[in-house]
Amino acid sequence: MPIPTVDEVWADFNSNGTVHEPAKQDIRRLTRFIQTLAEANGMKTYPNKAAMDADLTQPDGKPALLYADPAETNNYPTVWIWDDSGNEWIDGVDRISSLKTLVDLIHNVARRVVVLANEGIIDRLGQLGGGSGQIYIPRNVFIDLPGVGASNITVANADSTEKPGWAKLAIPATFRCFAYLDLVDNTYKIVAATGGDFALPTTPADKIVPIIDLGVPGSAGYWSPFRFRELSPISNLSAFAALSPIVHSKADNKALFPSGTIRSEQTLFAHTVPATGRYEEFDTASSNTAVITYWWDFRANQYKATAGGATPFTIDPTIGVRLGWSWKGEFFSEWPHIGIMGAGLGKNDFAWGKGDRLIQAPHVFNDNPSRLEMVDVEDAALIAAGFTRAIRTVDPALAWPFVGDRIPDNRPGKPIYIRVWLEAAVDNNFANPRVRFRKPDGVNVLSTPLTLEKTLSPRAAIFSVPLLMPEPSAVGGAGEFTVVDAGTFYTTGQPEVRVAGVQFSFGQGAQYIERNDFPTTPALAIRVANLEAQAAIDDPVPSILIGEDLWLIEGREQSIHIDNLLSTRTERKGVLTTLFAPNPDINNTAAKPYALTLESGSFVINPATIGSKANIWMHRYSDTKGGAALGRSYRSADITVHKASASGKNGAVTVGGSNAGTGTLVQGSPFVDPTATIGNYVITVVAGAETFSIVGPGYAARGAIGAAFDGPISFTLAGAPVANDTWTVAVTADTVRPMCIGDSIASQTLATYVRDILTARGMIVDMSGTVGPVGNEGRAGSTITDHIRARTSWLTPVTNWASYLGLPNSGAESKITFDPFTKAVVGGEPPSEVYNGRRFDFAYYLANTGINPPTHVWICLGTNDIAAYAAADAADWIEKGLTIMVNQILAAVPGVYIGIALPTLPRMGTADTRWNSAYGLAVRKLLKFKRTLNHARVKVLSIWTAINQVTSFASTEVVASTDPETGMQTLDNGDMLHPSQSGVHEYAEVVAAWIANTVDGT
């Protein structure tokens, strides 16, 4: 039975019109219900107010309900409260109505729909032009509230000038702030707080729409239920673009920062260093005790250095960007810089750059030192920097003090760094500082300006330029550039300018020279005899460096050059070197001797007579070493001799005919001649005669049974063949897709030679790669560290493959300036294979280039690593790079063959010094890597032993003079890194022989 209501219990009349008398049963039931509710909520209940007023014992704030008071308004749901201070019951509130009001309020707040017409914008740096510390909120808002019709409203705030349709509100300078929409007057408002909760206005809660909550300006981050966008440099991941690389000059304890830019979505920020130099300089010396963070503060547009902390500071990207940091005298940066791993720090190759040596330089202007003289330096800043003498002109008609040298590496595109120190006679007048490249005729000259690096005083300044060796075609005249000099131009009558110092760095990726680097020994004046006179006594024989495989093709001779077998080159006497390889094998009792012995020079190898296993023996008979004081011998590891057939076409015999198989078809050598046309050749015994006929594509001939037949296929018919016996020889060609990954030595010429040698065998050759008309992956100047992204200054990773594949093959913006091999890491990659956020990934390269997987890859890298890094570091990088690259290539292309190669250097002073200090270490790493990996399809190609050290480097030698009576020419040595056409051909012979043998299985 339901609980009756108050109106039902105390009704005046019944439904039939008779007078209603309350039933005690209904009264009790209703009263019990009220009591139960009241007690459940900690309330007292009384039948009327008189009974309640009589109870004066309740605690302060105790609520009570009445249920039968004569005054209806005193009864439930009115709540009475005991007021202890007044010692009385007071009229409270209608809690049911209050609860209903609260529910309605929450309902209105929770169910409302508010949508901004567009995104909001936070502009902390004033990029929109409306001042810093602003937020822009769309004025058009869609609103749908319960009980109110949905509508589009336009907020009453005025349009901003910068963004019509958006209202602009200023972010408080030093406070947290909260922006909201006030629905009472339809305006955006903003309140601030130093901490704790915001002091909201008195507007009812359902009239407030939260828009955005921001932290203190200068701190990134915000909270909003709507979409907002920060206009900050990090919002589109733009990078710091420096006008030139950042420099860590360790010798000076300086970090040098050039002018730079960074782009946000709306604005290009630019910082220009003071006009007194190319860099802003910061001292790194104190980093021995504290981390120094260098950063660009956008707000003040200043480069700053902040010291302190155990780690580099994190810079809020809305106000600045970190440029680098230093610790314990070292410098680190996320941006391109000079100094990491030695990259970009060139060594001064010029021994006449300071003091009275200036006028003794190999070249002064126009080879006329009589027009110049040495004088004392006068400027105090130059003297403080260590300069005491300067060179000046004494010829009023030729006011051009220039000092220079012959160019040791004049290949176009090679990096050069040039610096001059000038002293002026008049404040801030240094005339026209320039560098000049001259051809042998001395007339045709290419002149390039030097730029200000640093102002030392009003009368002393440093000018420098990093550049690339220009193309000879840039100016007229025959020949290449052979001389470079640096100084300044000024005309007669202009104030004098003197040259106090000159520095040149050729190659080595040179982009900066330490300012205190002034050698006094000419870099190109080292001679072998001076270095190694003692070596013949102290070092009987250095390590023998040759791989464990010798790759040959029948009918094609190769050479092994003795000096290239040794980790240290010496002008040795009393050493016999032997190539020992009995045919067919030393263990065969019928072996024919094969032993070539020389004191120096080269072994010419005949594939037809050399055995299947060889050793290099060296014996020093001129000393008393050894157990019996009879000298010592040194023997290489066993060398397997591989001899591919002259033909790259194969003959597969099939038998047919009714009486087939009676006779025997004996294979000749080669079974198929390289000139054979691909197709089927049918051999048939002629009825009634001791002869046979052979018919094939474009070919028909007869021969006698039992006699050898040499033609497109070479064979003998033996036994007792019967008439009409037939054999079919199916002639097919081997198909290969070789690829070279390398530096400038991996040239188009090398790829062409390899292709032509294999094609001459009758093979089908598809040279693989994205560079050049003959495919390869040779990138001039590149190192193995470039290919694993350990060095970042040389190659640019490919990000747009369509653009990359459409680039030309050479030039400043060409395929050879890009890195198509490394992929941005996504997590989970082995840390040992990741450098600067990228990893060499051959499968990634194949997928994006669309190239068919190569059958053979040979890696020709290491030459530039040896030039760029210290010897031990270069060897370590070569080993690390090979480990990553070889394993990735094997994983990407099942069945691929990989060859590892390193060329040689010519016999000249500088080259021998580099060979002795670095190449031995590098070659040992190659041989160790191959032995450790122990993979059947990974081999070392001993290219360094196959290239002649004299004639194979003759392409860039310069004729110094010619004897008019005998015609003999005196030549100045040229390029010490790049083999001539002859040397490239010797290189190609080894590569082609390796490929041919892997196909033949020999």
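**View 1. F142 sits partly exposed in this predicted model.** F142 has a relative accessible area of 30%, so this residue counts as partly exposed. The model shown here, as in every view below, is predicted. F142 belongs to strand β8, which covers residues 140-144. Together with V113 and V115, F142 makes a nonpolar surface patch of about 210 Å².

**View 2. A nonpolar core of 48 residues is the largest in the structure.** Five members touch the most other members: I741, F842, I859, I889 and W944. Several elements give two or more residues to this core. Among them are strand β57 (738-742), helix α11 (842-849), strand β65 (856-860) and helix α13 (871-892). Now look at I889. Which residues is I889 in contact with, leaving aside its neighbours within four places in sequence? They are I741, F840, F842, V857, I859, V896 and I898.

**View 3. F257 and Y294 form a tilted aromatic pair.** The structure holds 35 aromatic pairs. A pair of aromatic rings is described by the distance of the centres and the angle of the planes. Here the centres are 5.4 Å apart and the planes stand at 45°, so the pair is tilted. F257 lies in strand β18 (residues 254-258) and Y294 in strand β22 (residues 292-297), so the pair ties together parts 37 residues apart in sequence. F257 has 1% relative accessibility and counts as buried. Y294 is buried too, with a relative accessible area of 1%. Ring pairs link F257 and Y294 into a cluster with F240, F269, F282, W296, F298, Y303, F331 and W335.

**View 4. F387 and W421 make another tilted pair.** Their ring centres are 4.6 Å apart, with 40° between the planes. F387 lies in the loop between α5 (380-384) and β30 (389-393). W421 lies in strand β32 (residues 415-424). The two positions are 34 residues apart in sequence, so the pair ties together separate parts of the chain. Both F387 and W421 are buried.

**View 5. T284 is a buried loop residue.** T284 is found in the loop between β21 (279-283) and β22. Buried or exposed? At 0% relative accessibility, T284 counts as buried. Not counting residues up to four places away in sequence, T284 touches H248, N253, K254, A255, I292, Y294 and S326.

**View 6. R436 and D485 meet in a salt bridge.** Side chains of opposite charge can pair when their charged atoms come close. The count for this structure is 36 salt bridges. In this one, N and O are 3.2 Å apart. R436 is in strand β33 (residues 432-438) and D485 in strand β37 (residues 483-489), so the pair ties together parts 49 residues apart in sequence. R436 is buried at 7% relative accessibility. D485 is buried at 0%.

**View 7. R556 and E989 link distant parts of the chain.** Their closest N and O atoms are 2.8 Å apart in a salt bridge. R556 sits in the loop between β40 (549-553) and β41 (558-561). E989 sits in helix α16 (residues 981-1000), 433 residues away in sequence. R556 is partly exposed at 26%, whereas E989 counts as buried at 13%.

**View 8. R779 and E777 form a buried salt bridge.** The N to O distance is 2.6 Å. R779 is buried, with a relative accessible area of 0%. E777 also counts as buried, at 0% relative accessibility. Elsewhere, salt bridges that share partners join E373, E378, R392, E423, E496 and R498 into one network.

Key:
Residues are numbered from 1 along each chain as its sequence is written. This is a predicted model: local features need pLDDT of at least 70, side-chain atom pairs count only at pLDDT 80 or more; totals for chains, interfaces and linings use all residues. Side-chain values use heavy atoms; hydrogens and water are left out. Patches are made of residues with over 30% relative accessible area and no salt bridge: like charges are joined within 9 Å, nonpolar side chains (Val, Leu, Ile, Met, Phe, Trp, Tyr) within 5 Å. Accessible areas come from the Shrake-Rupley method with a 1.4 Å probe; for residues, only the protein chains shown count as cover. A salt bridge is a side-chain nitrogen of Lys or Arg within 4 Å of a carboxyl oxygen of Asp or Glu. Helices (H or I, at least four residues) and strands (E, at least two) are DSSP runs, numbered from the N terminus. Buried means under 20% relative accessible area, exposed over 50%, partly exposed in between (1.4 Å probe, protein chains only). A nonpolar core is a set of buried Ala, Val, Leu, Ile, Met, Phe, Trp, Tyr and Cys residues joined through side-chain atoms within 4.5 Å. Contact means heavy atoms within 4.5 Å. Rings of Phe, Tyr and Trp (its six-membered ring) pair if their centres lie within 6.5 Å; planes under 30 degrees apart count as stacked, over 60 as edge-to-face and the rest as tilted.
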